[in-house]
There are 2 protein chains.
Amino acid sequence: MQNSKDIEDARARSTINMKATQHFLWGGENAVKRRESIDRILSQDPVFSRARKPFLHRTDAFKRGLAITNRIFELEALHNWTREDVSCAFILVGDALPIGLHLTAFEPVLESQGSPALLEKLSSLVKRRGILGCYLQTELGHGTNVAALETTATFLPDTQEFELHSPTLTSSKWWVGALGRVSTHGVVQARLILPNGKDAGPHLFFVQLRDMENHKLMPGIIAGDVGPKFGYNTVDNGYARFDHVRIPKENMLSKFADVTPDGRYIQPPHAKLSYGGMLYIRAGMVTQGALITAKAVTIAVRYCTVRRQSEKDDQGLERQVITFPSTYSRILPILSRAYVFLLLGRTLQSSFAVHLQHLAKGDTSLLADMHAILSGLKSYATTASVADVETCRRAMGGHGFSAFSGLVSLYSDSLPSVTYEGENYVLDKQVVRAARKAVKHGIGQQQSTFAAFLTLKDPPAISEATWESPEALAGLLGWRAAALVRCDSLDDDAGFERRISKAVTEAFVANQVLDIIEMGKHNGGGPVLTAVYTLFLLSTVESALADFLEFEIFSPRDATAVRRALNTYCLHVLPEAVGLVDAFGFSDWELDSALGVYDGRVYEALWKRVADEPLNQSEDDGIYNDYIQPILKRGRAQAKL
Amino acid sequence: MQNSKDIEDARARSTINMKATQHFLWGGENAVKRRESIDRILSQDPVFSRARKPFLHRTDAFKRGLAITNRIFELEALHNWTREDVSCAFILVGDALPIGLHLTAFEPVLESQGSPALLEKLSSLVKRRGILGCYLQTELGHGTNVAALETTATFLPDTQEFELHSPTLTSSKWWVGALGRVSTHGVVQARLILPNGKDAGPHLFFVQLRDMENHKLMPGIIAGDVGPKFGYNTVDNGYARFDHVRIPKENMLSKFADVTPDGRYIQPPHAKLSYGGMLYIRAGMVTQGALITAKAVTIAVRYCTVRRQSEKDDQGLERQVITFPSTYSRILPILSRAYVFLLLGRTLQSSFAVHLQHLAKGDTSLLADMHAILSGLKSYATTASVADVETCRRAMGGHGFSAFSGLVSLYSDSLPSVTYEGENYVLDKQVVRAARKAVKHGIGQQQSTFAAFLTLKDPPAISEATWESPEALAGLLGWRAAALVRCDSLDDDAGFERRISKAVTEAFVANQVLDIIEMGKHNGGGPVLTAVYTLFLLSTVESALADFLEFEIFSPRDATAVRRALNTYCLHVLPEAVGLVDAFGFSDWELDSALGVYDGRVYEALWKRVADEPLNQSEDDGIYNDYIQPILKRGRAQAKL
């Protein structure tokens, strides 16, 4: 088959060191081996089969997700998996699952903010999933503006209890993942009302939601699922209303703020100490976005390599779709972003884990900067990832629309990332505020991480060499960010917040790319990867041409040169594309795409999957008799008149 | 409730002439009345209830679509509906339905290209839906490159038959709407093979697919549904393979090309006469996209008007989300596009209907231009519409992710429009080719529709008045298109085809907007609508700033002025936004959105819809016992160790 030959030829053309690149991407040989060994276990276990997945009704897809969760914990016990192994298993599965909320929201919030006494009682149960939890913050009427949440927790000194209450329809907790059916317990954001009537604002409270014997909702609680969504339909995002529900005083997460037995408020030492968990989740989202982008571009590169279309050449072959400028110029910059964000995400997660340890000790000196940078990165990386998945899908033409392409669920499940954990446009505002503050106060004093690239005084000189130099490109992006942040008249532009946030974050990422290149020199680097990073920087610069021209950093001639250089670097990377996506190391089971199969036999794969479509199981299922025949009969009768 | 008050206040603020605007948008009072009266019938008929729709499995959603189709034809007979009434009913339903392929592909192709003898036999049956048809063109291995389709139709002079055959897996017809389960007949694109072995390329053949007695597939035909998709899951896009299937000679659609009884080929008088139907479908897609955009922006404007978020003012009210620059600057340009494309689509459809009559008479003089303009418009309008729906959805924050927002199905069902009926990037190439040809040959000779704006010699002078003048803005867009088309060095930019296609089409649309303003002066116009059109032009110019700066049409100062003017016009339109979306006249039933309800009571509407979620019907449905309890039991056992 020509398809197999095309993909094998492309594979043979690649010059990268496959093993070294893969180890570099995943953070070492052990990480790669872990993925491979767990992939083998899961992909051979029928519980993890993806064959029926595209055909399931939401309820059945939800059940499948729970069965997978249960099986992973069974395997954990069977194979003595570590916490990292379990986490790797869930990443390989890739589906959005209710347990994700327990693991990444409920548990970290409880652990970082619960009192020692509460943790003593709960930690082991939470760690082993003897209770299953969720994090109830967003309300029907309030998301972004946490300060305006309406749910109340009134302290009752007589009984040493809090009374949780939902005073209005809009105070109903809403969107809470794993609340709809799964969670037995939750951590609730509620306004702390003191005995003197004072409202101390939102605080966190640990609450039992469902009975441990029969899973029925506890008295005074109404809860359920919020219904079907764009994606994430395997998660029971839920709602909950509290009708004067009492909980013991110790259930307040009181590591930082607390209430005395007689009802006086104890201030936390720093207003934003509770931000730690949120920052950690946002750092993780860069990696999640990168993984999704990497899967999407693997599928697109492989499919567009074997898909041929247009005039035949003298060998009677049509042209490989990936060789069209309008295709490769869309896909290859995405490939470069997958590389950069995967590496960046790993760096971020480890460096921020260290920062969080400082924070846990009460050291808040880096908090404002961390917060601003992660706001920008979360907004930027998730926006890019969602857009990139869709660009890959469209680059694959009609077949990209099929659920069997794998890109439909990738897109739908990644889409909410632009909204949850900080709506991206709201996060932009925070980046702008921090960057402007840094320029006003921090410049020259090195107090701010932003200072490094916001202090640039003169625009860099531009020559032909600029377009081949990662340092020069990063310098340009820094200068553009500085120019935007320092421009006073920008607020007349209603879109200025996104513009500034994007510019600042792109400059930050560009500087990180220089570090990645440096790191790569010692392991897995080489000219191809440098070309990939340069392509990343060039495509970032190209997407900002309006800024560069408007601030007269570029002449019109420079703009033309950028576009030309971008094309040149695409052509450098093009023959390596299949090798570069192979280096991500996704198995066919993990990718779950008929169009991204390793052996390139995409049409056979599509044909095979179509057989399972429920509408193809029988033509005697009543559809003809009940629905089609009446139309035809009426039509024939009318036609005879 | 504050929500009702907010929407009513906004409604009261609007100064537009509601009736006149609505009549102008829909093409007259009669069209509006027709919509209203059919809406009343459908919205009160339980077959058209949308209550269960978001919860249906694909198979049930497919059945619902067929039941709707059958009911519309029942109502047609009952109420003596005209063809326009039936069409209006399907537009009001809004769902993608298999019958759409019969009505907009099968029937027009057959009518425009079938021989008089074939039509004599079939017309009445087809018109009354005594047979149901589809159009089989795309194959598993070929979409864009029609010339390379593999299915063959070999003429057999002995029996005066054609033999249809699918020689390979990749020659399987694929994606064909209404083929999977519904169609009894189809029109097949197949390479005509003459007795002398000569391959005359793709031609059309009428084929019976299923038995009229029992709906079983005819001998030699394998067919079925291609499985779940991103959207359009209520349509049975299907596949088909032909194993030496014989059809009578008269089944060739031989109005233009034909075969003599002894097997000689008769050339059509013009190679592209068969393009007519395709052009008509593309013209219709501008209107379809506009309708979807109009619905999305209606929902977004209403919801963002009643949604309040952020610091409370002295009346204790948070800020209406639509008043944030980062919200209104996203939504209001979309509102302007909905107006422009709805009006443009109507103009186009009527003017192209006239052109098609010329074409049917063999007059092909306008064909090349029509083809190029409609290629550009189809690419541009569908790309914009899909992006705009998603922008509206995101502007609504978390609740936009709910299926009850109405935007999820709007998005999914409109998404394939960027791929079908000409993949947008492929269409861009055709626009570039035509525009360059026009510049080379047509300029000054007025032979080409493009000539009007590609012949501009000097860049227009820019002053403060430019940003308030539709004529000046249209002139700028024309000049930019001319500059791009005439630039030789552009091919170094891998994305140049999209850039040029977009510029040329935007210039064409800008000229049409001037006509729309002129038309509006006599009916339904006024300063508000002029502000809407100016906003449209400004946002088009703003999105092209990089081009304007690169070709030195703008100074950096001009770019800043454009952004400022865009913001100013957004602020002009903002107080009119609810009135402007009300003027589209969508009923709550047609919109099917809990967030876009006319009375603004969005939270009540969400709460009500959630009750129907299947996961909320019973907690004794086995999910706890089968899936959740095992996890909790294991966890508690492990926690005790």
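How many salt bridges does the rule find across the interface of chain A and chain B? Read on through these close-ups of a predicted model.

**View 1. The interface of chain A and chain B in the predicted model.** Each partner puts in its share here: 133 residues from chain A and 133 residues from chain B make up the contact. Together the two chains bury about 11,600 Å², and carbon and sulfur atoms account for 61% of that area.

**View 2. Salt bridges and polar contacts between chain A and chain B.** To pick up the opening question, the rule finds 17 salt bridges across this interface. One to zoom in on joins the side chains of A:Arg563 and B:Asp547, with 4.0 Å from N to O. As for polar contacts, 58 residue pairs are counted between the two chains, both residues being at pLDDT 80 or more.

**View 3. Helix H22 on the side of chain A that touches chain B.** This helix of chain A, residues 623–640, supplies 13 residues, the largest share of that side. Sorted by class, the side of chain A that touches chain B holds 56 nonpolar residues, along with 39 polar and 38 charged ones.

**View 4. The rotation that puts chain A on chain B.** Turn chain A by 180°, with 0.0 Å of shift along the axis, and it superposes on chain B with an RMSD of 0.0 Å. The two copies are therefore related as by a two-fold rotation axis. Look for A:Ala546 here: its C-alpha is the one in chain A nearest the axis, at 2.1 Å. Both copies use the same surface, with 100% of the contact residues of chain A recurring in chain B.

Notes. Residues numbered from 1 in each chain as written. Chains lettered and ligands numbered in written order. Predicted model: local features only at pLDDT ≥ 70, side-chain atom pairs only at ≥ 80, totals over all residues. Heavy atoms only, no water. Contact = heavy atoms within 4.5 Å. Buried area = accessible area lost by both parts, 1.4 Å probe. Polar contact = N/O pair within 3.5 Å; in protein donor to acceptor, adjacent residues only side chain to side chain. Helix = DSSP H or I, 4+ residues; strand = E, 2+ residues; numbered from the N terminus. Nonpolar A, V, L, I, M, F, W, Y, C, P; charged D, E, K, R; others polar. Least-squares fit on C-alpha atoms with pLDDT ≥ 70 in both.
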